[in-house]
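Trainee: I am new to this structure and should like to go through it by question and answer. May we begin once it is displayed?

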Amino acid sequence: MDKIFHPDNPVMRFLTWFCNMMYINILFILTSIPIITIGASLSGMYTCCMKLIRGEESYIWKDFFKAFKENFKQATLLWLVALILCGIWFGNLYILFHMLGGNMVYLQIPIWILLFITFSILLYAFPLLSQYENSTKQLVKNAILLAIANFPTTLMLLVIHLIPVFYCAFSLENVIRAASVLCFFGFALIAFVSSFFINHILKKLEDDKDEAFSQK
C-alpha cells in the first residue's frame, strides 16, 4: 500500500503533474480575465512549465506571480502590440474575403504570411521572457532567430496551438468540448508541451554559452 502512495510511483507522479497542470491553468485563466494582462499571465505560465520540464524546485503560486509581476510591463507591451497587429491582419483578411470577393484570394497570401510571422514570434517570445533577461528588441530578435533556425519545430508548435481551433470548426458540440478541456487544464497542457520542445532548443544554446540567452 505504501508503494502506491510513494512520490516516485509513476501513478503518483502523473497525478502530481496533472494537479500542477490544473493549478497553473486556473491561475492563467483568472489572471487573463482583464485580457490586457494575458501577456503577463503567459509569462507566469511558461515560468512554471519550464521549471517542471527542467525538474527544478517549483512553487506554482509563488513562481507564477513572481514572473507575472517581474515581466508585467514587457509582457503587456509585447501582448498589446501583437494583439493590434493580429487585429490589423485579420481585419484585412475580412475585407479581402467578404468585401472584395473570391477573385482577390491571391491578395490574402501576404497577410497570411504576416500572421504566420507574428504567431511564430509569439511562440518563442513568452517562453524566452520567462527565462532570460533581455530588452524587448532583443527578445523579439531572439524569437525570430529561433523561429527561423528551428523551422520544423515552429511549424509543429503552430499546429499544436491550432488543434483546438481546427477541432472547434466542425460543430458547436466540439466548441463546448474544447472549451471544457481548455478551462480544465488545456492552456497549461499546450504550454507544457511547447515548453518541452523549446527547452530542448534553449538547453543547446545554454550549453554553447550564447550571451544572448543569459538566464535569470
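Mentor: Let us first fix one term: two residues are in contact when heavy atoms of theirs lie within 4.5 Å. Please also bear in mind that this is a predicted model.

Trainee: Leaving aside its neighbours within four places in sequence, with which residues is Thr76 in contact?

Mentor: Thr76 has its place in helix H4, which covers residues 72-99. Its C-alpha atom is separated by 6.8 Å from that of Ile36, 40 residues apart along the chain. With the neighbours within four places set aside, the contacts of Thr76 are Ile36 and Asn71.

Trainee: Is Thr76 buried or exposed?

Mentor: A residue counts as buried when its relative accessible area is under 20%. The relative accessible area of Thr76 is 9%, so Thr76 is buried.

Trainee: How are H2 and H3 oriented to each other?

Mentor: Two packed helices are described by the angle between their axes and the distance between the axes. Here the axes of helix H2 (residues 38-53) and helix H3 (residues 60-70) come within 7 Å and cross at roughly 135 degrees. Angles over 145 degrees would count as roughly antiparallel, and 65 to 115 as roughly perpendicular. The orientation of H2 and H3 is therefore oblique.

Trainee: How many nonpolar, polar and charged residues has the contact of H2 with H3?

Mentor: H2 passes H3 in a right-handed crossing. On the H2 side the contact includes Ala40, Met45 and Lys51, and on the H3 side it includes Ile60, Asp63 and Phe64. By class, the contact has 7 nonpolar, 4 polar and 2 charged residues.

Trainee: Which residue meets Asp63 in a salt bridge?

Mentor: Side chains of opposite charge can pair when their charged atoms come close. Asp63, in helix H3, is paired with a residue of helix H2, so the pair ties together parts that are 12 residues apart in sequence. Asp63 is buried at 8% relative accessible area, whereas its partner is partly exposed at 22%. The N to O distance is 3.4 Å, and the partner is Lys51.

Trainee: The structure holds 2 salt bridges; in which helix do Arg177 and Glu173 lie?

Mentor: The side chains of Arg177 and Glu173 meet in a salt bridge, with 3.4 Å from N to O. Arg177 is partly exposed, at 42% relative accessible area, while Glu173 is exposed, at 52%. The two residues are 4 residues apart, about one turn of the helix, and both lie in helix H8.

Notes: Residues are numbered from 1 along each chain as its sequence is written. This is a predicted model: local features need pLDDT of at least 70, side-chain atom pairs count only at pLDDT 80 or more; totals for chains, interfaces and linings use all residues. Side-chain values use heavy atoms; hydrogens and water are left out. Axes are lines fitted to C-alpha atoms, for helices over the stretch in contact, and angles run from 0 to 180 degrees between N-to-C directions. Angles under 35 degrees count as roughly parallel, over 145 as roughly antiparallel, 65 to 115 as roughly perpendicular and the rest as oblique. A crossing is left-handed if the near helix is turned anticlockwise from the far one by less than a right angle, and right-handed if clockwise. Ala, Val, Leu, Ile, Met, Phe, Trp, Tyr, Cys and Pro count as nonpolar, Asp, Glu, Lys and Arg as charged, and the others, Gly among them, as polar. A salt bridge is a side-chain nitrogen of Lys or Arg within 4 Å of a carboxyl oxygen of Asp or Glu. Buried means under 20% relative accessible area, exposed over 50%, partly exposed in between (1.4 Å probe, protein chains only).
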